[in-house]
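Q: Please take a close look at one buried spot in this model and what surrounds it. Then work outward to the rest of the chain. Keep it brisk.

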Amino acid sequence: MGQHCCSHETKSAGIDPRWRQALWIALVVNAGMFLVEMAAGAAADSRALYADALDFFSDAANYAISLGVAGLALVWRARAALFKGATLLVLGLWVILACLWAIRVGSMPEALPMGVVGILALAANVFVALMLYRFRTGDANMQSVWICSRNDAIGNIAVVAAAIGVFGTGTAWPDIIVAATMAALGISGGWSILRLARTELRGEKERRVSPA
């Protein structure tokens with residue numbers, strides 16, 4: 001029953017002009033924040049900002065893919081979700097490695113730019129998440145967009161907390177802990193997307209091979 005409702009909602013939402021418009025806005029916001037956070041990460045020597053910047057880049061690419069498959073058959077939307085889930089997993093693993101490298105070489109990020117950019121990124125992601133909230137119960141592709149936006153907003157709160165922690169402790173550990181937290185969110189979200197997409201692909205395959 002749940003799968004049937006999901007498929008029914010997706011057919012209408014996939015060609016919904018409001019869905020396309022929301023994705024275009026999300027694409028522009030995420031692409032812009034990627035550039036902002038890359039520059040800020042370099043200036044502040046912050047692993048958390050770098051990780052968040054790559055997350056914005058990943059989301060921008062994911063929104064572009066979602067625009068490309070919106071309105072197509074369920075199998076294509078599920079395949080796009082598989083790609084997005086894999087991207088989140090890779091991103092999470094990259095952040096874990098970056099954290100280990102930071103521990104090895106040592107670094108001291110600057111709290112002020114971390115906090116300012118973290119608040120800006122939080123505002124951007126809350127805006128996108130609220131805009132996409134109505135589409136959170138669609139198919140794997142649509143749910144992946146919502147999961148990405150939700151995780152980003154949570155991650156930005158952690159970035160702001162890390163800036164406060166860096167300022168208060170005078171160490172890089174809050175920055176590293178936040179980066180690891182964002183990695184865990186990415187890995188968890190990516191796995192959820194992959195699992196749902198594989199379920200949809202399996203159901204579509206069974207439907208095609210079953211006798212009429």
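A: **Around N30**

Leaving out residues up to four places away in sequence, N30 touches F56, D59, A60, Y63, N125, V128 and D152. The model is predicted. N30 itself sits in helix α2. Buried or exposed, where does N30 fall? N30 is buried, because its relative accessible area is 0%, and the cut-off for buried is under 20%.

Several of those partners can be placed by residue number. Helix α3 spans 47-69, and N30 touches F56, D59, A60 and Y63. Helix α5 spans 111-132, and N125 and V128 are among the contacts of N30. Helix α6 covers 140-169, and D152 is also in contact with N30.

Now the helices as a set. The chain has seven helices and zero strands. Read along the sequence, the pattern is α-α-α-α-α-α-α.

Next, the nonpolar packing. The largest nonpolar core holds 22 residues. Those with the most contacts inside this core are L49, V95, C99, M114, V159, V178 and M182. Two or more residues come from each of α2 (17-44), α3 (47-69), α4, α5 (111-132), α6 (140-169) and α7 (173-209). A second, separate core has 12 residues, including A22, L27, M131 and L132.

M182 gives a local view of the largest core. Neighbours within four places in sequence aside, M182 is in contact with A48, A51, D52, G155 and V159. V159 also appears among the residues with the most contacts inside that core.

Back to α3, and S66. S66 lies in this helix. S66 counts as buried because its relative accessibility is 0%. S66 and A81 are 15 residues apart in sequence, yet 8.5 Å apart in space, C-alpha to C-alpha.

Helix α4 runs over residues 74-105 and has 32 residues. From first C-alpha to last, α4 reaches 47 Å. That is close to the 46 Å expected at 1.5 Å a residue. G106 follows, with a positive phi near 80°.

What does α4 show at the surface? I96, L97, L100, I103, W173 and I177 form a nonpolar patch there, with about 610 Å² of accessible area together. α4 gives the most to this patch, with four residues. α4 and α7 each supply at least two. I177 is found in α7.

The loop between α2 and α3 is where D45 lies. D45 has a positive phi of about 55° although it is not a glycine. D45 counts as partly exposed because its relative accessible area is 31%, between the 20% and 50% limits.

How many salt bridges are counted? The count comes to one. The side chains of R47 and D45 meet in it, at 3.3 Å from N to O. Side chains of opposite charge can pair when their charged atoms come close. The partners differ in cover: R47 is buried, at 15%, whereas D45 is partly exposed, at 31%.

Finally, the whole chain. Of its 212 residues, 49% count as buried. Among contacts with a separation of 6 or more, 83% link residues 24 or more positions apart. The chain exposes about 10500 Å². Carbon and sulfur atoms supply 71% of that area.

Methods:
Residues are numbered from 1 along each chain as its sequence is written. This is a predicted model: local features need pLDDT of at least 70, side-chain atom pairs count only at pLDDT 80 or more; totals for chains, interfaces and linings use all residues. Side-chain values use heavy atoms; hydrogens and water are left out. The expected span of a helix is 1.5 Å times one less than its number of residues. A nonpolar core is a set of buried Ala, Val, Leu, Ile, Met, Phe, Trp, Tyr and Cys residues joined through side-chain atoms within 4.5 Å. Buried means under 20% relative accessible area, exposed over 50%, partly exposed in between (1.4 Å probe, protein chains only). Contact means heavy atoms within 4.5 Å. Patches are made of residues with over 30% relative accessible area and no salt bridge: like charges are joined within 9 Å, nonpolar side chains (Val, Leu, Ile, Met, Phe, Trp, Tyr) within 5 Å. Accessible areas come from the Shrake-Rupley method with a 1.4 Å probe; for residues, only the protein chains shown count as cover. A salt bridge is a side-chain nitrogen of Lys or Arg within 4 Å of a carboxyl oxygen of Asp or Glu.
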